[in-house]
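The exercises below are meant to be worked with the sequence and the coordinates side by side. Try each task before reading its solution.

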Amino acid sequence: MELPPLAQNLWSSYTSSTPARLRLIDNLLVFLMLTGVSQFVYCLFVTNFPFNAFLGGFAATIGQFVLTASLRSQVNPKMRATFPSVSQERAFADFVFSSLILHYFVFNYLG
């Protein structure tokens, strides 16, 4: 199956102009989005019996998506003027620390 010319042009432009590190973060963002959608669809169509488990998992997915999007904006070379005092190492350390705090609260919510 071949993509339409517009999609091919968009994909080739994305792969040629986006650094590999940002593409890896984009893959994580897509994974988190698909995880959140699948959790929501499962809750709607199958069951939401342990509702706090659904809320905890969904909140963790949304929170991790937001933290990852923030990391992407901070390590993007084109956004260097927006975050002049934040190095890539500091952005990653903030991401890891915030993720640990997020998952600590989600774990406590689950009981």
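A residue is called buried when its relative accessible area is under 20%, exposed when that area is over 50%, and partly exposed in between, with a 1.4 Å probe and protein chains only. The model is a predicted one, in which local features need pLDDT of at least 70 and side-chain atom pairs count only at pLDDT 80 or more, whereas totals for chains, interfaces and linings use all residues. Residues are numbered from 1 along each chain as its sequence is written, and side-chain values use heavy atoms, with hydrogens and water left out.

**Exercise 1. Describe the fold and the dimensions of the protein chain.**

Begin with the secondary structure, taken as DSSP runs numbered from the N terminus (helices are H or I of at least four residues, strands are E of at least two). The protein chain has four helices and zero strands, which gives the pattern α-α-α-α along the sequence.

Next, consider the dimensions. The radius of gyration, taken over C-alpha atoms, is compared with a globule rule of 2.2 Å times the number of residues to the power 0.38. For 111 residues a compact globule would come near 13 Å, but the protein chain has 17 Å. Along the principal axes, its C-alpha atoms fill a box of roughly 45 × 45 × 15 Å.

Finally, turn to burial: 23% of the 111 residues count as buried.

**Exercise 2. Classify the ring pair of Phe51 and Phe54, and place it in its surroundings.**

First set the rule: rings of Phe, Tyr and Trp (its six-membered ring) pair if their centres lie within 6.5 Å, and planes under 30 degrees apart count as stacked, over 60 as edge-to-face and the rest as tilted. The count by this rule comes to six aromatic pairs. For Phe51 and Phe54 the centres are 5.8 Å apart and the planes meet at 40 degrees, a tilted pair.

Then look at the sequence positions: because Phe51 and Phe54 are three residues apart in helix α3 (residues 51-75), about one helical turn separates them.

As a last step, compare the accessibility of each partner. Phe51, at a relative accessible area of 40%, is partly exposed, whereas Phe54, at 15%, is buried. Ring pairs also link Phe51 and Phe54 with Phe40 and Phe58 into a cluster.

**Exercise 3. Which class does the pair Tyr104 and Phe105 fall into?**

The ring centres of Tyr104 and Phe105 are 5.6 Å apart and their planes stand at 70 degrees, so the pair is edge-to-face. Phe105 itself counts as exposed, with 55% relative accessibility.
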